[in-house]
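Biologist: I am new to reading protein structures. Could you show me this one and then take my questions one by one?

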Amino acid sequence: MATSAESAVNRRHASFMPPMELDFGSETPLYRQISVWFQRAILAGHLQPGQRVPSTRALAKELRISRIPVLGAYELLIAEGYFQPFVGAGTCVSQAIPDATFRPGRGGLASAVAIEPESTARRTISRRVSDMAGPAQAWLERCRGCTDLEHFPIGVWSKLVNRHARKISPKIMGYGDPMGYAPFREAIAEYLGAFRAVKCDPSQILITTGAQQGLLISALTVLDPNDGAWIEEPGYPAAYQALRAAGAQLVPIPVDREGLDVERGIQMGRRARAAFVTPSHQFPLGVTMSASRRIELLSWAAREGAWIIEDDYDSEYRFGGNPIASLQGLDTDGRVIYLGTLTKVMFPALRLGFLVVPKDLVGSFLNVRNANDTFSTSVLYQMAMTDFIREGHFSRHIKRMRAVYMERRKALAAAIRAQADGLLEVIGEDAGLHVVTLLPPGINDVEVVTKARQLGLRVNTLSECYARSPARGGLMLGYAYANSDAQKMGSTVEALNAIISTHMAKHRSISVA
Ligand SMILES: Cc1ncc(COP(=O)(O)O)c(C=O)c1O
């Protein structure tokens with residue numbers, strides 16, 4: 001019996017139906033071919049419960065056959081419970097087919113039709129895949145939060161996106177410029193010139209879907225497989241992944257209070273073709289590369305014909321002293337590829353980042369970008385972002401967030417001084433979105449973090465940022481996630497203090513025994 005349209009539960013649109021092909025030479029009657037086709041499509045999950053199917057008239061017309069076999073097939077499918085008719089509202093895939101049967105991997109109907117390899121032939125994939133394995137996303141989420149969106153001006157942003165979405169023009173619906181939306185590139189070039197002392201013009205700006213894509217494009221452009229690449233140790237694990245994806249041999253170079261130790265780099269891998277660095281605010285330690293190290297690094301690159309990839313991921317958040325100029329701004333030999341992202345100042349899902357490419361490499365970078373995705377990130381967001389910058393919302397938002405994060409950082413540092421002095425040694429500048437603290441020698445940071453997470457604390461190990469075993473464990477304490485207000489810092493540090501003290505007592509009793 002037909003169900004009334006009002007009582008219909010959550011019906012879906014006819015939207016996408018895979019094409020149906022009939023075999024007119026077959027002995028199987030057409031109504032049977034049609035009904036079997038629908039059964040298979042439903043069981044394979046190509047048609048979902050509640051999804052509208054075409055009317056018998058429309059399907060007959062599309063298949064160029066009479067309506068009779070289609071009516072016959074629909075009657076059969078209704079009788080068998082695959083279809084459910086709605087008075088005055090067409091026919092849908094039945095809701096009565098239990099949801100669980102559609103979930104793959106539960107022994108349901110979908111798993112019954114999933115393809116399992118039949119042959120024993122090898123299923124070889126590239127060696128690159130295991131090189132690319134790493135913590136990336138989950139780690140970033142867990143780590144320190146990326147930005148506190150509670151303070152993001154969502155109303156303003158929505159208005160700007162709507163402004164452009166409402167009057168979307170065919171001009172922005174094509175592929176467009178693979179370097180990115182020109183007015184956005186102009187705005188970024190101005191911003192970088194004014195606030196980061198980057199020397200560039202808009203023709204050098206290549207818009208990416210974030211720093212990660214920028215890194216991969218850079219690595220693929222300047223490195224051949226097996227080329228050596230310096231990385232900071234400790235450093236940014238997602239950068240290791242991108243460099244390995246390009247086939248680079250990573251050469252971990254120690255970082256001290258002045259940033260990457262260039263002299264050690266030269267001893268360990270003089271002939272490297274590239275160096276990945278975070279000079280403004282080293283990730284994760286938070287130190288700033290000294291002026292003398294910057295000069296040494298630039299001279300090495302110029303002498304050896306190497307490239308420097310400068311990741312300037314969070315320099316908007318400096319809470320004391322003067323802003324640090326970019327390494328790119330000091331470069332006189334066009335050796336620095338500057339990498340920026342809006343992940344930290346806007347939000348991660350925006351997926352907007354940019355590269356400042358040496359002028360003579362722009363064509364080569366474009367080749368790699370085209371092989372990668374042909375086009376930059378959504379023009380709609382680039383347009384909205386251009387307005388966000390030009391209308392002053394960007395600088396207002398940065399100013400507001402700087403105050404929010406500065407308060408949290410101060411509260412965290414004060415709590416550590418008051419409650420964990422001697423247990424947690426803070427390192428790094430007054431900047432960024434997390435604090436790194438070293439643990440007392442011999443204390444394993446994995447054990448401390450495991451315990452801390454059981455208590456719901458958002459803490460990461462420092463050892464995860466090392467390519468080799470670190471001499472000393474440490475903690476990364478983030479304060480950029482929602483609800484991590486300054487008042488909570490005391491209780492966080494108190495809990496950490498208790499965990500570390502217990503570990504130290506255990507450690508002592510083991511060494512005495
Ligand atoms: C050192 C570093 N670089 C870059 C990024 C941002 O990456 P993306 O723009 O791909 O989100 C992060 C994010 O946490 C980071 O820590």
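Modeller: Gladly, and one term comes up again and again: a residue is buried at under 20% relative accessible area, exposed at over 50% and partly exposed in between, using a 1.4 Å probe and protein chains only. This is a predicted model, in which local features need pLDDT of at least 70 and side-chain atom pairs count only at pLDDT 80 or more, while totals for chains, interfaces and linings use all residues. Residues are numbered from 1 along each chain as its sequence is written, and side-chain values use heavy atoms, with hydrogens and water left out.

Biologist: Is arginine 351 buried, partly exposed or exposed?
Modeller: Arginine 351 lies in the loop between E11 and strand E12 (353-356), where strands (E, at least two residues) and helices (H or I, at least four) are DSSP runs numbered from the N terminus. Arginine 351 also has a positive phi of about 50° although it is not a glycine. Its relative accessibility is 33%, so it counts as partly exposed.

Biologist: How many helices and strands does the protein have?
Modeller: To set the scene, the C-alpha atoms fill a box of roughly 85 × 65 × 55 Å, taken along the principal axes. Buried residues make up 49% of the 513 residues. The counts are 17 helices and 16 strands.

Biologist: In what order do the eight strands of the open sheet run?
Modeller: Strands of a sheet pair through backbone hydrogen bonds, either parallel or antiparallel. Here two strands pair if DSSP finds at least two bridges between them. The pairing in this sheet is mixed, and the order is E5-E12-E11-E10-E9-E6-E7-E8.

Biologist: Which are the edge strands?
Modeller: Look for strands that pair on one side only. In this sheet they are strand E5 (205-208) and strand E8 (259-260).

Biologist: Why is E10 described as largely enclosed by the rest of the structure?
Modeller: Strand E10 (residues 307-311) pairs with strand E9 (residues 274-277) in the parallel sense over four bridges. Trp307, Ile309 and Asp311 point one way from E10, whereas Ile308 and Glu310 point the other way. E10 is largely enclosed because the number of its residues that are buried is five of the five.

Biologist: Which residue has its backbone oxygen reached by the side chain of serine 326?
Modeller: Serine 326 sits in the loop between E10 and strand E11 (336-341). At 1% relative accessibility, serine 326 counts as buried. Its contacts (heavy atoms within 4.5 Å) include Val198, Glu310 and Tyr338, leaving aside neighbours within four places in sequence. The backbone oxygen reached, at 3.0 Å, belongs to arginine 196.

Biologist: Which helix gives the most residues to the largest nonpolar core?
Modeller: A nonpolar core is a set of buried Ala, Val, Leu, Ile, Met, Phe, Trp, Tyr and Cys residues joined through side-chain atoms within 4.5 Å. The largest one has 59 residues, and Trp157, Leu342, Met346, Met385, Phe394 and Leu475 touch the most other members. With eight residues, the helix that gives the most to this core is H15 (residues 393-419).

Biologist: What is the distance from an oxygen atom of the ligand to an N or O atom in the side chain of lysine 344?
Modeller: The ligand is surrounded by 13 residues (each with a heavy atom within 4 Å), and the closest are Ala211, Asp311, Thr341, Thr343 and Lys344. An oxygen atom of the ligand is 2.7 Å from a polar backbone atom of alanine 211, and an oxygen atom of the ligand is also 2.7 Å from an N or O atom in the side chain of threonine 343. For lysine 344 the distance is 2.9 Å.

Biologist: What is the phi of glycine 88 in the turn between E3 and E4?
Modeller: E3 and strand E4 (residues 90-93) pair in the antiparallel sense over four bridges, and glutamine 84 stands opposite cysteine 92 in E4. The two strands form a hairpin with two residues between them. The phi of glycine 88 is positive, at about 70°.

Biologist: What is the omega of the peptide bond from glutamate 233 to proline 234?
Modeller: Proline 234 lies in the loop between strand E6 (228-233) and helix H10 (237-245). The peptide bond leading to it from glutamate 233 is cis, with omega near 5°.

How values were computed:
A polar contact is a pair of N or O atoms within 3.5 Å; within protein, one must be able to donate a hydrogen and the other to accept it, and residues adjacent in sequence count only if both atoms are side-chain atoms.
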